[in-house]
Amino acid sequence: MKKLIFTLMFAFPTLYFAQEEKPKESQIAKECDLPKDFKEPIKNNRLKKFVAIDNGVSEKEVIIIRAQNGFGSGIYTVCVKQEPIQYQKMGTVFMREGKSPFNNAK
């Protein structure tokens with residue numbers, strides 16, 4: 001009986017917290033629903049060119065909605081085809097958030 005209680009005591013919380021929580025669709029969609037008078041926080045043509053090539057769109061379709069600049073680094077959120085994507089800058093190089101340039105798996 002003690003083993004059963006002990007097992008249930010750890011099994012239920014583990015199963016409860018192990019469930020994956022899905023992002024809310026409306027929140028993601030609202031992030032790129034910008035007003036007509038929206039002004040980009042920064043003007044960075046290099047970032048727009050990189051994002052356009054990375055996603056196969058024109059530079060006019062890329063909108064920078066958030067920018068955090070640091071000394072030699074930065075984190076940017078851009079909208080491409082009504083979808084928010086995060087990019088980061090390390091030195092002079094831009095890369096998509098979560099992708100490692102050192103991962104050369106074939």
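**Exercise 1. Locate Lys-81 and Gln-82, and characterise their backbone and exposure.**

Solution. Step 1: Lys-81 is found in the loop between strand 2 and strand 3, and Gln-82 lies in that loop as well. Helices (H or I, at least four residues) and strands (E, at least two) are DSSP runs, numbered from the N terminus. This is a predicted model, in which local features need pLDDT of at least 70 and side-chain atom pairs count only at pLDDT 80 or more, while totals for chains, interfaces and linings use all residues. Residues are numbered from 1 along each chain as its sequence is written, and side-chain values use heavy atoms, with hydrogens and water left out.

Step 2: Phi of Lys-81 is near 55°, a positive value in a residue other than glycine. Gln-82, also not a glycine, has a positive phi of about 60°.

Step 3: Lys-81 is exposed, with a relative accessible area of 60%, and Gln-82 is exposed at 53%. Here buried means under 20% relative accessible area, exposed over 50%, and partly exposed in between (1.4 Å probe, protein chains only).

**Exercise 2. Describe how strand 2 pairs with strand 1 and with strand 3.**

Solution. Step 1: Strand 2 (residues 73-80) and strand 3 (residues 83-90) pair in the antiparallel sense over eight bridges. Two strands pair if DSSP finds at least two bridges between them. Val-80 has Glu-83 of strand 3 as its bridge partner, and two residues stand between the strands of this hairpin.

Step 2: On the other pairing, strand 1 (residues 62-69) and strand 2 are antiparallel over seven bridges. The partner of Arg-66 in strand 2 is Thr-77. This hairpin has three residues between the strands, and Gly-72 takes a positive phi near 80°.

Step 3: As to exposure, six of the eight residues of strand 2 are buried.

**Exercise 3. Determine which residues of helix 3 are buried, how they are arranged and what covers them.**

Solution. Step 1: The buried residues of helix 3 (45-55) are Leu-47, Lys-48, Val-51 and Ala-52.

Step 2: Seen down the axis of helix 3, these residues fall within an arc of 130°, so they line one face of the helix. The arc is that of the directions from the helix axis to the C-beta atoms. An α-helix has 3.6 residues a turn, so residues three or four places apart point the same way.

Step 3: The cover over these residues includes strand 1, strand 2, strand 3 and strand 4 (93-96).

Step 4: The largest nonpolar core has twelve residues, among them Leu-47, Val-51, Ala-52, Ile-64, Tyr-76 and Phe-94. Two or more residues of this core come from each of helix 3, strand 1, strand 2 and strand 3. A nonpolar core is a set of buried Ala, Val, Leu, Ile, Met, Phe, Trp, Tyr and Cys residues joined through side-chain atoms within 4.5 Å.

**Exercise 4. Examine the surroundings of Asn-44.**

Solution. Step 1: Asn-44 is placed in the loop between helix 2 (25-31) and helix 3, and is buried, with a relative accessible area of 14%.

Step 2: At the start of helix 3, a side-chain oxygen of Asn-44 reaches to within 3.3 Å of the backbone nitrogen of Arg-46.

Step 3: Not counting residues up to four places away in sequence, Asn-44 touches Ile-64, Tyr-76 and Phe-94; contact means heavy atoms within 4.5 Å.

Notes:
A polar contact is a pair of N or O atoms within 3.5 Å; within protein, one must be able to donate a hydrogen and the other to accept it, and residues adjacent in sequence count only if both atoms are side-chain atoms.
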